[in-house]
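Hi,

Here is the structure I promised to pass on. Have a look at it first, and my notes on what turned up follow underneath.

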Amino acid sequence: MTIRVIIVDDQAMVRAGFAALLSAQADIDVVGEAPDGRQGLQVSRSTHPDVVLMDVRMPEMDGLTAARELLDPPPGVVHRPKVLMLTTFDIDDYVYEALRAGASGFLLKDAPPADLIAAVRVVASGEALLAPSVTRRLIADFVQQRPAPRKDPALRLNGLTPRETEVLELIARGLSNQEIAGHLVLAEQTVKTHIGRVLAKLGLRDRAQAVIFAYEAGVVRPGDSH
């Protein structure tokens, strides 16, 4: 199955470079591009991509605002693509808020070409793209800096079983499904079932939101290690 992608970035050279790189892959089709968030929304609504590569800082409408509109569309709009944020900074308030809003991950613009191609495939498959070191540092830093959210997420933990809470903690520590299975001595399919239940019970879209939730709820704390 071909992965449909649009590229939203205010630099024409970046769009052209990414488009050439991705279009050269047999399983990826670049179906549109836009120079700002507002036009990005229009292109997404007309082309229905699987993945939107979204620059963080743009004129007219920034990537965070556009990502929020794509991920939480108005009534009547059914299509919700996966969003992969592009940034030149690995610690960026916009990126944190985009992950909170449901973006599937973020990628540094100077990442190697192979990383971009792999990221598109990972996100399209429904997995969140969490480069554990950078993403965990980003989330830990921002959770430390900001007061607890108004609606205490710790209260929502009450609906989880002890095993589900354990799985949530391991997701937040950056472990893959395979690593969680090994750690808990479970079948990988069982881990996937637990993760699905955790996301459903907490009202979360994907692993990226689960990691942020776990930090904000105090399941893991900045500086914790495996």
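Let me start with the charged pairs: the count comes to 10 salt bridges. Keep in mind that this is a predicted model, so everything below is computed from predicted coordinates.

**Salt bridges**

One of them is between Asp55 and Lys109, whose side chains meet at 3.2 Å, N to O. Asp55 sits in strand β3, while Lys109 is in the loop between β5 and α5 (113-124), so the pair links parts of the chain that are 54 residues apart. How buried or exposed are the two ends? Asp55 has a relative accessibility of 4% and therefore counts as buried, the cut-off being under 20%. Lys109 is buried as well, at 18%. Asp9 comes into this too: salt bridges with shared partners join Asp9, Asp55 and Lys109 into one network.

Next is Arg100 with Glu216, where the closest N and O atoms are 3.4 Å apart. Arg100 belongs to helix α4 (residues 93-101) and Glu216 to helix α11 (residues 207-217), so this pair ties together parts 116 residues apart in sequence. Arg100 is partly exposed, with a relative accessible area of 30%, whereas Glu216 counts as buried at 18%.

A third example is Glu164 with Lys201, which meet at 2.8 Å, N to O. Here the link runs from helix α8 to helix α10, across 37 residues of sequence. Glu164 is buried, with a relative accessible area of just 3%, but Lys201 counts as partly exposed at 42%.

**The α8/α10 packing**

That last pair brings us to the two helices themselves. At what angle do α8 and α10 pack? Helix α8 (residues 162-172) and helix α10 (residues 188-202) make an angle of about 95°, and their axes are 9 Å apart. Angles of 65 to 115 degrees count as roughly perpendicular, so α8 and α10 fall into that group. On the α8 side, the contact is made by Arg163, Glu164, Val167, Leu168 and Ile171. On the α10 side, His194, Ile195, Arg197, Val198, Lys201 and Leu202 take part. By class, that gives 6 nonpolar, 1 polar and 4 charged residues. Both partners of the Glu164 and Lys201 salt bridge are therefore on the contact list.

**The sheet**

Now for the strands. There is an open sheet of 5 strands in the order β2-β1-β3-β4-β5, with parallel pairing. β2 (28-34) and β5 (105-108) stand at the edges with a single partner strand each, so one side of each has no neighbour in the sheet. On average, neighbouring strands are turned by 25° against each other, direction ignored.

Looking at individual pairings, strand β1 (residues 3-8) and strand β3 (residues 51-55) run parallel over 4 bridges, and Ile6 has Val52 as its bridge partner in β3. Helix α2 (residues 37-47) packs on the sheet and touches β1, β2 and β3; its direction makes about 160° with that of β1.

On the other side of the pairing list, β3 and β4 also run parallel, joined by 5 bridges. Leu53 stands opposite Leu84 in β4. Is β4 enclosed or open to the outside? In strand β4 (residues 82-87), 5 of the 6 residues are buried, so the strand is largely enclosed by the rest of the structure. As background for reading any of these strands, side chains in a regular strand alternate between the two faces of the sheet.

**One residue to click on: Glu69**

Glu69 is found in helix α3 (residues 63-71). With 31% relative accessibility, Glu69 counts as partly exposed. Leaving aside residues up to four places away in sequence, Glu69 touches Leu41, Arg45 and Met61. The C-alpha atoms of Glu69 and Arg38 are separated by 9.8 Å, with their positions 31 residues apart along the chain.

**Overall numbers**

For the whole protein, there are 11 helices and 5 strands. Of the 226 residues, 48% count as buried. Among contacts between residues at least 6 apart in sequence, 69% join residues at least 24 apart.

Cheers

Key: Residues are numbered from 1 along each chain as its sequence is written. This is a predicted model: local features need pLDDT of at least 70, side-chain atom pairs count only at pLDDT 80 or more; totals for chains, interfaces and linings use all residues. Side-chain values use heavy atoms; hydrogens and water are left out. Axes are lines fitted to C-alpha atoms, for helices over the stretch in contact, and angles run from 0 to 180 degrees between N-to-C directions. Angles under 35 degrees count as roughly parallel, over 145 as roughly antiparallel, 65 to 115 as roughly perpendicular and the rest as oblique. Contact means heavy atoms within 4.5 Å. Ala, Val, Leu, Ile, Met, Phe, Trp, Tyr, Cys and Pro count as nonpolar, Asp, Glu, Lys and Arg as charged, and the others, Gly among them, as polar. Two strands pair if DSSP finds at least two bridges between them. A salt bridge is a side-chain nitrogen of Lys or Arg within 4 Å of a carboxyl oxygen of Asp or Glu. Buried means under 20% relative accessible area, exposed over 50%, partly exposed in between (1.4 Å probe, protein chains only).
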